[in-house]
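Reader: I'm new to this, so could you walk me through the structure and tell me where each label comes from?

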Number of protein chains: 2
Amino acid sequence: MAKFQVNILGCGSATPSARHQPSCQVIDFRDKLFMIDCGEGAQSAFRRMGLKFSRLGHIFISHLHGDHVFGLPGLLSTMSLHGVQGTVTIHLFSDGARLLKSWMDYFNRQSTFEIVYDIIEPGERRVIYEDAGLTVETFPLYHRIPCTGFIFREKPKLRHLRGDMIKFYNIPVSALKAVKEGADYITPEGAVIANDRLTTPPDPSVSYAYCSDTMYDPRVVRDITGVDTVYHEATYHSSLLSTAVERGHSTSLQAATVARDAGASRLIIGHFSKRYLQGEQPLLDEAVEVFPSTILANEGLRIDLE
Amino acid sequence: MAKFQVNILGCGSATPSARHQPSCQVIDFRDKLFMIDCGEGAQSAFRRMGLKFSRLGHIFISHLHGDHVFGLPGLLSTMSLHGVQGTVTIHLFSDGARLLKSWMDYFNRQSTFEIVYDIIEPGERRVIYEDAGLTVETFPLYHRIPCTGFIFREKPKLRHLRGDMIKFYNIPVSALKAVKEGADYITPEGAVIANDRLTTPPDPSVSYAYCSDTMYDPRVVRDITGVDTVYHEATYHSSLLSTAVERGHSTSLQAATVARDAGASRLIIGHFSKRYLQGEQPLLDEAVEVFPSTILANEGLRIDLE
């Protein structure tokens with residue numbers, strides 16, 4: 001099975017604490033790495049999880065609060081000290097590109113790789129990355145400042161050939177790629193063999209939505225409907241609903257409601273307030289009442305999305 | 001005894017590693033805290049050592065390489081989240097002030113305290129901090145880019161009163177402060193009682209020099225002569241002398257030579273290359289041959305300077 005994993009490098013809010021690091025995740029899609037947010041300490045967490053700098057080509061920044069960006073200068077400088085080649089594309093709002101570029105131009109003058117800045121406009125929905133097997137698209141989140149979510153979607157996979165039928169109809173090797181992609185086969189005599197006689201359906205394509213930081217908003221449900229695994233911030237327990245609203249965050253109950261209403265198959269909650277010194281079990285408890293397939297993010301956690 | 005300690009928060013070079021954090025120290029002088037350099041992760045190390053943000057009023061940055069500054073945005077933001085009041089003065093070169101200010105103006109708009117920038121000129125020797133008990137002065141170091149060292153000097157302390165003589169000469173309480181400061185006492189009859197009949201010498205004042213990053217240079221010896229405890233970088237073992245010279249760093253043998261020639265009583269070595277995966281004992285071994293009172297820096301180490 002092709003690799004499609006999310007690595008949790010940090011799932012705390014606001015500041016590093018004894019329990020959690022600031023926000024950072026790494027998607028591993030068939031050994032290409034994609035970082036989402038980059039709180040202070042991301043480079044250290046990246047190495048602790050055994051990830052390779054040379055495979056990291058894209059970094060996606062959801063918004064310009066320090067706990068989501070302060071790890072960038074150190075990460076990029078260390079990647080240069082490790083001799084990373086090629087380009088690293090950073091997808092972020094324009095203010096972030098301006099601020100980061102001023103530091104990198106000064107502190108990382110002798111970079112071994114090129115930094116490319118891809119500017120995201122607040123509120124836009126756009127495919128900001130695409131390769132043969134994957135797309136990444138933005139959608140708006142609703143925080144105190146402009147904030148964007150990201151959806152990682154595996155492209156449709158190839159259909160499975162039915163070996164017996166391929167043999168029966170004597171399909172030549174040169175035609176198999178088109179058949180796997182869904183084409184009917186036309187024999188030299190002009191007869192049409194319907195694709196579904198030759199193949200079985202492909203494995204399902206899976207998808208992952210990153211929703212942090214955001215307050216509860218039904219528009220998020222609409223934008224992520226049909227996604228398999230949802231990461232949604234759950235900074236507070238419902239007992240602090242008014243604090244959540246005031247600060248542009250969500251409760252774990254709200255996160256679970258979003259996952260349920262979007263028809264997700266799994267929910268990961270994170271971006272925990274540091275007030276849950278004894279652990280986030282209360283947040284999990286209220287979430288599973290609404291959406292049973294909820295798990296708590298934690299540093300070092302690696303989850304298969306397939 | 002009045003508190004005068006150095007806390008080692010990070011003593012590695014270049015990047016965080018499994019062994020070491022980037023450069024950061026905190027001087028605790030009678031419960032006022034002074035940070036020297038601020039590599040990524042400084043705020044976490046600060047809290048792990050049980051230090052209080054509210055007592056940190058001055059930060060001294062030796063030079064503008066990322067491993068000495070990338071912890072500043074996170075530290076200052078977290079201090080604001082903790083509600084620190086008053087001012088925090090950051091002493092650094094002008095480029096650093098410009099770059100840091102642009103980030104803080106954006107990411108820390110609602111700071112609870114004021115950041116004051118004190119600009120150090122490359123090469124200058126200046127007292128950049130002074131209070132009733134302490135001075136901090138700069139002196140040049142010799143690195144690939146402009147770099148400054150810092151000397152923390154306790155001011156002369158008060159002389160000890162000889163209780164028997166104070167009673168014998170019937171010295172009034174109102175005169176004791178001047179006597180402790182070294183004044184003779186003049187009786188109502190006009191007789192002069194020499195101070196050394198009334199007091200014994202004060203406890204010695206101690207001093208601490210921070211020398212990182214720098215290559216070996218006899219001018220450093222001259223500038224720190226007479227200092228009690230010296231922290232000197234020792235990035236490499238002597239077997240890598242040419243690498244040290246090329247990169248503007250020192251070997252542990254050179255660090256020991258500086259401490260010996262400056263007449264120091266103790267040397268702390270740090271800023272270790274990450275190549276010493278098995279520990280820095282080889283660096284210590286060659287240093288003690290030249291200067292026996294050498295110790296290895298390590299994260300979490302707290303040393304009394306008195």
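Author: Sure, and let's begin with a definition: helices (H or I, at least four residues) and strands (E, at least two) are DSSP runs, numbered from the N terminus. B:Gln25 sits in one such run, strand S2 (residues 24-29) of chain B. This is a predicted model, where local features need pLDDT of at least 70, side-chain atom pairs count only at pLDDT 80 or more, and totals for chains, interfaces and linings use all residues. Residues are numbered from 1 along each chain as its sequence is written, chains are lettered from A and ligands numbered from 1 in the order in which they are written, and side-chain values use heavy atoms, with hydrogens and water left out.

Reader: Why does B:Gln25 count as buried?

Author: Buried means under 20% relative accessible area, exposed over 50%, partly exposed in between (1.4 Å probe, protein chains only). B:Gln25 has 1% relative accessibility, so it counts as buried.

Reader: What joins the side chains of B:Gln25 and B:Tyr208?

Author: A polar contact of 2.5 Å. The term is for a pair of N or O atoms within 3.5 Å; within protein, one must be able to donate a hydrogen and the other to accept it, and residues adjacent in sequence count only if both atoms are side-chain atoms.

Reader: Which residues does B:Gln25 touch, not counting those up to four places away in sequence?

Author: Contact means heavy atoms within 4.5 Å. Among the residues that B:Gln25 touches are B:Val6, B:Phe34, B:Tyr210 and B:Tyr231.

Reader: Over to chain A. How do you know that A:Leu9 is buried or exposed?

Author: A:Leu9, in strand S1 (residues 4-10) of chain A, has 3% relative accessibility, so this residue counts as buried. Leaving aside neighbours within four places in sequence, its contacts include A:Gln21, A:Phe46 and A:Glu299.

Reader: What makes H2(A) oblique to H3(A)?

Author: Helix H2 (residues 72-81) and helix H3 (residues 94-107) of chain A pack at an angle of about 40°, with their axes 10 Å apart. Axes are lines fitted to C-alpha atoms, for helices over the stretch in contact, and angles run from 0 to 180 degrees between N-to-C directions. Under 35 degrees is roughly parallel, over 145 roughly antiparallel, 65 to 115 roughly perpendicular and the rest oblique, so H2(A) is oblique to H3(A). Residues making the contact include A:Leu76 of H2(A) and A:Trp103 of H3(A).

Reader: And how many of the 306 residues of chain A are buried, as a percentage?

Author: That comes to 58%.
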